[in-house]
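Trainee: Could you take me through the inside of this one, with a close look at its largest cavity? I'd like to know what lines it and how the surroundings fit in.

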Amino acid sequence: MKIIHPDGNGEAVILNPQFSIFNNPYIFLTTGQGITDMSANNATGVPTVTFTVPTAHDQQIDLMYATPIKDQTKQSLSGRVAFAFHHALTQVNFQVQAVVDATSPTTSALSSDTKIILTNLQISSSLATNGTMSLEDGSWTGTSGSSTIAYTASDFTTTATVTVSGTKYAGFNVTETATALGGNSNMAIPGTVASGAYTVTATYYVITTDSKLSSGYSVVQNVIKSVSTSEFTFAAGKKYTILVKLGLNSMDFDVTSVENWTTESGTAVDLPANNS
């Protein structure tokens, strides 16, 4: 993070550009994927930034803003100002768990001869992907778009390969223990998702070794879609964990935890040298 004078150059604003020191407006800037526009320095009213959530997990950023500190007086040469930062987005993480029957959730252990290999998980919702955020209070206006999150083998934190009769099935090895999926958290613009507007689609293989079968094994590919049955609100500054339960021929999901995202209260920022 750096502080520059309006005559300088910067790539993306995240803090309130109306904070004033040395009787001149200074703008706090940082680089980051997704910031497409910002209000002009001489614009009236509350300053804003326009943002689009990148599709790729590794390009999504933790967009933050600071509570405005207004009407400041001239600072000393080594002056510092403490800002309270806030997360402007909502964070969504996923876990997967193997169960016998996902529609009647149970943690009963699967047979040791059975493996569940997840190859693709796609999440679609009405959460917006574009919008304009106020740099005064972090509120969003003009939101649009819909969120789609896709996990494939390259996104999984760990992968496993099961070889059956020379055929390899590679993906995430789903066990009875709820396990985090993917190495990057998913960011979204806060909002409320109506019942039926949040959909999870999973593609996975159920591979079972069975000596009673002529081939000695069975491989079943499931492509199952599950739709939310109630309204849910994803708030700014919150971290949500969604647990996806994969059964032998069924799937279900639910929000299992909601946590506060840490707010960096009183983060000190060095002011530019005062040579006047």
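Mentor: Sure, and keep in mind that this is a predicted model. Of the 276 residues in the protein chain, 41% are buried. The chain has 25 strands and zero helices. Take contacts between residues at least 6 apart in sequence: 68% of them join residues at least 24 apart. On the outside, the accessible surface is about 13500 Å², and carbon and sulfur atoms account for 45% of that.

Now to the cavity you asked about. The count of cavities of 30 Å³ or more comes to two, and the largest holds about 40 Å³ of space. Its lining is made up of V92, I123, S124, S125, L127, S147, I149, A188 and Y198. Two elements, β11 and β14, give two or more residues to that lining, and β11 has the largest share, with three. Sorted by class, the lining of this largest cavity comes out as six nonpolar and three polar residues, with no charged ones.

S147 is a good residue to zoom in on. It sits in strand β14, which covers residues 147-151. S147 counts as buried because its relative accessibility is 10%, and the cut-off for buried is under 20%. Leaving out residues up to four places away in sequence, S147 touches I123, S124, S125, L127 and T129. Of these, I123, S124, S125 and L127 also line the largest cavity, as does S147.

Next, the packing. In general, nonpolar side chains in soluble globular proteins tend to be buried together. Here the largest nonpolar core has 31 residues, and L118, L121, Y198, V244 and L246 have the most contacts inside it. At least two residues of this core come from each of β10 (90-98), β11 (114-125), β14, β16 (167-174), β20 (198-209), β23 (238-246) and β24. The largest share, five residues, is from β20. Y198 ties two parts of the story together: it is listed among the core residues with the most contacts and also lines the largest cavity. As for V244, once neighbours within four places in sequence are set aside, its contacts are Q95, V96, Q97, L121, V200, M251, D252 and F253. There is also a second, separate core of 16 residues, F51, I61, L89 and W261 among them.

F253 leads on to the largest pocket. That pocket has about 250 Å³ of space and 16 lining residues; F253 is one of those nearest its centre, along with S228, T229, S230 and D254. Strands β21 (217-227), β22 (232-234) and β24 (251-260) each put at least two residues into the pocket lining, with β24 giving the largest share, four residues. β24 therefore turns up in two places, since it also supplies at least two residues of the largest nonpolar core. By class, the pocket lining has nine nonpolar, four polar and three charged residues.

One last backbone detail for you. Most residues other than glycine have a negative phi. S165, though not a glycine, has a positive phi of about 50 degrees. S165 lies in the loop between β15 (160-164) and β16, and it is exposed because its relative accessible area is 63%, where exposed means over 50%.

Methods:
Residues numbered from 1 in each chain as written. Predicted model: local features only at pLDDT ≥ 70, side-chain atom pairs only at ≥ 80, totals over all residues. Heavy atoms only, no water. Buried < 20%, exposed > 50% of the residue type's maximum accessible area, 1.4 Å probe, protein only. Contact = heavy atoms within 4.5 Å. Areas by Shrake-Rupley, 256 points an atom, 1.4 Å probe, with all protein chains shown as cover. 1 Å grid on protein atoms, 1.4 Å probe; cavity = no way out; pocket = protein on both sides within 12 Å on 5 of 7 lines; lining within 4 Å. Points joined across faces, edges and corners; volume = space filled by probe spheres on them. Nonpolar A, V, L, I, M, F, W, Y, C, P; charged D, E, K, R; others polar. Core = buried A, V, L, I, M, F, W, Y, C linked by side-chain atoms within 4.5 Å.
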